[in-house]
Amino acid sequence: MECHVYYEGDDDPEKCTARRLEQFDEAILYRKMSQVPYGVVLNPHADRALSPADAEEGLGTLVALDCSWESAEAASFRMNGVHRALPFLVAANPVNYGRPFQLTTVEALAGACCIFGERDRAEELLEPFRWGETFLTLNEEPLRRYSECADSSEVVAVQEEYLADPDEGESETVDDDAVPE
C-alpha cells in the first residue's frame, strides 16, 4: 500500500508524523495538492466510512492530509480520489492519547491499512514511533471488526457500538453510510 500525504507544514516539525514517515521512506509528501495522486483520501468530512470494499477503488494508494486540527476544514480536502472517513479509533500519540478521532497522520494511515487487511504495512508505518504499537493495541478489537465488514454501512454499525452511551444504552443517530464527526 503506497502512502501519500498532502503536507501543509503548519504543525511542529519535531512532532510531525508525516515528516518522519518521509524520513523512513514510508510515505511521499507533497506541498501542492495538484501533485497528490489519485487514491483513497482519508477525509474526516467524507460522507462514507472507510471499509475493506474501498481498497480496490484506491488502486493501492492511501492519501492523507497533514495539517493542524484547527485547519482541517472540509475545504482542505479538494484532492482527487475516493473520499472516506475513518471510523471510531482512539489516538495513542502523546498529544491526544485516548481521544477518539484525534489521530496523527501515521495513525490514520495505519488504521486504514488495518481496515484493508494490511496489518503488516500498518506495523511498518508505526515502527519509527515509540507509541506506534500502542495504537494497534488500543484499537485491536475495532480494527479487526472493521476489517471483517463488507461495506461502509457495516463499518458504521460496528462503530455505533463503540459510540453508544453506556448510561443511556442508546447509540448516536447516524445515517447508514455517514460517519459522525
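**Chat about S4 and H5**

Student: How many bridges join strand S3 (residues 39-42) to S4, and which way do the two run?
Tutor: Two bridges join S3 to S4, and the strands run parallel. Strands are DSSP runs of E with at least two residues, helices are runs of H or I with at least four residues, and both are numbered from the N terminus. Two strands pair if DSSP finds at least two bridges between them.

Student: What am I looking at, model-wise?
Tutor: This is a predicted model, where local features need pLDDT of at least 70 and side-chain atom pairs count only at pLDDT 80 or more, while totals for chains, interfaces and linings use all residues. Residues are numbered from 1 along each chain as its sequence is written, and side-chain values use heavy atoms, with hydrogens and water left out.

Student: OK, back to S4. How many bridges join S1 to S4?
Tutor: Six, and strand S1 (residues 2-7) also runs parallel to S4. His 4 has Val 63 of S4 as its bridge partner, and Val 41 is bridged to Val 63 too.

Student: How many of the S4 residues are buried?
Tutor: Six of six. Buried means under 20% relative accessible area, exposed means over 50%, and partly exposed is in between (1.4 Å probe, protein chains only). Thr 61, Val 63 and Leu 65 point one way, with Leu 62, Ala 64 and Asp 66 pointing the other way.

Student: Switching topic: which residues does UniProt tag as "binding site"?
Tutor: The unreviewed entry lists Thr 17, Leu 65, Leu 86 and Thr 105. UniProt positions follow the numbering used here, feature names are shortened, and annotations may be inferred rather than shown by experiment. Leu 65 sits in S4 (residues 61-66).

Student: And Thr 17, buried or exposed?
Tutor: Thr 17 counts as buried because its relative accessibility is 5%. Thr 17 belongs to helix H1 (residues 17-23).

Student: What does Thr 17 touch, beyond its neighbours within four places in sequence?
Tutor: Thr 17 is in contact with Thr 104, Thr 105, Val 106, Phe 129 and Trp 131. Contact means heavy atoms within 4.5 Å.

Student: Now H5. Which of its residues are buried?
Tutor: In helix H5 (residues 140-147), they are Pro 142, Leu 143 and Tyr 146. They cover an arc of only 100° around the axis, so they lie on the same side of H5. That arc is taken from the directions from the helix axis to the C-beta atoms.

Student: What do those buried residues pack against?
Tutor: Helix H2 (105-115), helix H4 (132-138) and helix H6 (152-163).
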